[in-house]
Amino acid sequence: MGVGYAPAHHGELLQGVFEDEHGRLRRALVTLPMPERGSRAVFYPCQHHWGIVGTPELIKVRRAALLTLRELATHPAPAKGGQIEITSDVPHGLGMGSSTSDVTATIRAVADYHGVRLPREVEGRLAVRAECASDSIMIDDRVVLFAHRDGVVLEELGYRLPPLLVVGCNTQPGDRVDTLRFRPAEYHPDEVAAFRVLRAGIRRAIATGDVTLLGKVATASARINQRFLPKPVLDDLLAIGRRLGAAGVQVAHSGTVAGLIFDARRPDRQEVVAACREALTGLGLPITAVIRLDPDASTDWSTSGASTASDHSPRRTPADPREVAA
Amino acid sequence: MSLREGYVEATDAYQLPRLIRLAPNLYAACFTLMKMVPARYILRRAEQEGRLGPDTVIIETTSGTFGLALAMQAVHMRRRLILVSDPVIDDRLYRRLVDLGATVERVPPEAGAVPGGFQAARLARLAEIRAELPESFCPEQYTNPDNPRSYALVAELLVETLGQIDCVVGPVGSGGSMCGTVTNLRSVLPDCQAIGVDTFGSILFGQPDGPRELRGLGMSMFPRNLDRRVFDDVHWCSATAAYRATRQLHQRHGLFMGPTSGAAYLVGRWWAQENPGALTVVMMPDEGYRYQDTVYHDQWLTDRGHLPFTLPERPTEVEHPIPVDSGWACMRWGRRSYQEVMGTSPALVTGEAGA
């Protein structure tokens, strides 16, 4: 058998259309990864049947497994087919990349069985082919502007995000976005022009570790997205952000989650997180995450009460094992 | 870090400004030919969208630097270009345009005597020529929204290089550069302030129409691309004040720029001194070569009464757009429309920045 794991994400920091190296406009995004949650896939090979079959809701996972098998067809001992088992604690339909983490974990599990680690760009390309559009959680060693419908990296923005602290919530509890049926945004030429500036902003923010600028870019992207998949509470989130000194607000551009972005280096971060949780809960918005992306982070979260454990099932507990039988 | 590469087209190299630090909180965005930004963008976008076919003739009325920028881009795109200009077009500019392959049509001198003047005569001639051409494309810098939109390129450079920008100061003519740069900057930096630099006798921000010696900014008509709601403050500069600042920019910083850059420098330098905690960027649209026999010539300045320079160090603050004796006035515009400030609405017609 082979095993693979892939993290979730919490929507995007930036999403829009951007020029590639040939000046062609492509849809692309910068993902906000959420390492605390993810999907684990186990691949059980089968040498009697070609292909992978299973229940309809895991169609993307089956497609990903088949695409990976095809990618590895020249391997000396390729599996003929097999069965995938998924264990995930990523909520569905909120724009947190549940299907992308399932798909990526699957690609990794099939590769793992073959004793291979596929390059991250190949994982990205396979994931996009399996599910039409995909965030870039598989590219976990750097920050990229990722063409999520083409599966290619438009620009490498840096090795890591600035030290962010994101308090996330579900802006429309009860509502779900069908990622596949959701029509891609048709941007106005003025918005296409603005995306050039947003791209420059995120480029600088990541290169210089500037959380303030990153927050402004994320807020601008969230505002543009209001024309396409509006978050009715965006203004409320911005008001909370102003009160608590947040750098900005990020949203899932094809989902319902959103988050307030803070500088993780703030000395009062624990108080701010507590106040933010209280404010969001006061609006009736369930907390989805407290993400801390900080290379210098100490372990103060385990005692601060700010971990997500109280809101959701414990991490990586196989709460929802979904199986695909061969 | 990516390696620097050579430019494929000269117009690409020409359109990007250099950002030069004049003080810890003051930067100049120095262009060789700022009008290249909209000219290149408008023509390339028209081509991409099929509005500018291989046999389409580009035609525009201009006697200024926008025509020069169009002529350069037309060379790269291998298109014919016809420019309809005043009878008095700068001779060196004329020769350069012709060398670039442009056809320059000059309306007759007597056209200036009829109502509407040269502007009306040029527009009439433009319509005549277009009627005879099977396929033509007019860039229309005063009304085409691609003009302001093109300046996202400049906003992009500013944000990447400086991150936080608190104020942009620049001369206003068509409105494209200031409105485009600031509007795009505000997508990321919504609090960024905008200060427009105009001249007495220009009606853009409500001054009474009158003779204008300082060219390249201000207008006697209202261009649709000027959105006055972008501007926090407006300054009016006399020619003398602009010329003096142009020379100071050269003497103190080695920057050899034209007089509209000098006018913007005068205002930007003052604003940066008044606001030491804010980062200010000054737009400087062209270089000094065209003005070597004028602004950079002391005898010429003396003959015109610009020397010796005697000017105040700060602008006269006014409540309403009126000429002032000091040669430098400013007014809190407050991102209002013309109607909100003046009580009447401007007639929207295209105009010509002169120069």
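This is a short talk about two chains, A and B, of a predicted model.

Let me begin with chain A, which is divided into two domains: domain 1 takes in residues 2-154 together with 315-323, while domain 2 covers residues 161-310. If we ask how the two domains touch, we find that 23 residues of domain 1 are in contact with 35 residues of domain 2. On the domain 1 side of chain A, the elements that each give two or more residues to this contact are β1 (2-19), β2 and β4 (143-147), and of these β1 of chain A gives the most, with 9 residues. Sorted by class, that side of domain 1 has 14 nonpolar, 6 polar and 3 charged residues.

Staying with chain A, I would like to look at helix α1, which runs over residues 59-71. How far apart should the ends of this helix be, at 1.5 Å a residue? Its 13 residues should span 18 Å, and because the C-alpha atoms at its ends are indeed 18 Å apart, the expected and the computed values agree. Several residues of this helix are buried, namely A:Val61, A:Arg62, A:Ala64, A:Ala65, A:Thr68, A:Leu69 and A:Glu71. What covers them includes strands β2 (25-46) and β3 (81-88), as well as helices α2 (98-113) and α3 (120-131), of chain A.

Now let me turn to chain B, which has 12 helices and 12 strands. Its radius of gyration is 20 Å, close to the 20 Å that the globule rule gives for 355 residues, so chain B is as compact as a globular protein of that length. Along the principal axes, its C-alpha atoms fill a box of roughly 60 × 55 × 45 Å. Of the 355 residues in chain B, 52% count as buried, and when we take the contacts in this chain with a separation of 6 or more, we find that 68% of them are between residues 24 or more positions apart.

To finish, I have picked out one residue of chain B, B:Val182, which is found in helix α8 (residues 176-188). Is B:Val182 buried or exposed? B:Val182 has 28 other C-beta atoms within 10 Å, and since the cut-off for a buried residue is 20 or more, B:Val182 counts as buried. If we leave aside its neighbours within four places in sequence, B:Val182 is in contact with B:Val168, B:Cys192, B:Ala194 and B:Val230. We can also compare B:Val182 with B:Val154, for the two are 28 residues apart in sequence, and their C-alpha atoms are 9.5 Å apart in space.

Key: Residues are numbered from 1 along each chain as its sequence is written. Chains are lettered from A and ligands numbered from 1 in the order in which they are written. This is a predicted model: local features need pLDDT of at least 70, side-chain atom pairs count only at pLDDT 80 or more; totals for chains, interfaces and linings use all residues. Helices (H or I, at least four residues) and strands (E, at least two) are DSSP runs, numbered from the N terminus. The expected span of a helix is 1.5 Å times one less than its number of residues. A residue is buried if 20 or more other C-beta atoms lie within 10 Å of its own, exposed if 12 or fewer, and partly exposed in between; C-beta atoms are placed from the backbone. Two residues are in contact if their C-beta atoms, placed from the backbone, lie within 7 Å. The radius of gyration is taken over C-alpha atoms; the globule rule is 2.2 Å times the number of residues to the power 0.38. Domain bounds come from an automatic or database domain assignment. Ala, Val, Leu, Ile, Met, Phe, Trp, Tyr, Cys and Pro count as nonpolar, Asp, Glu, Lys and Arg as charged, and the others, Gly among them, as polar.
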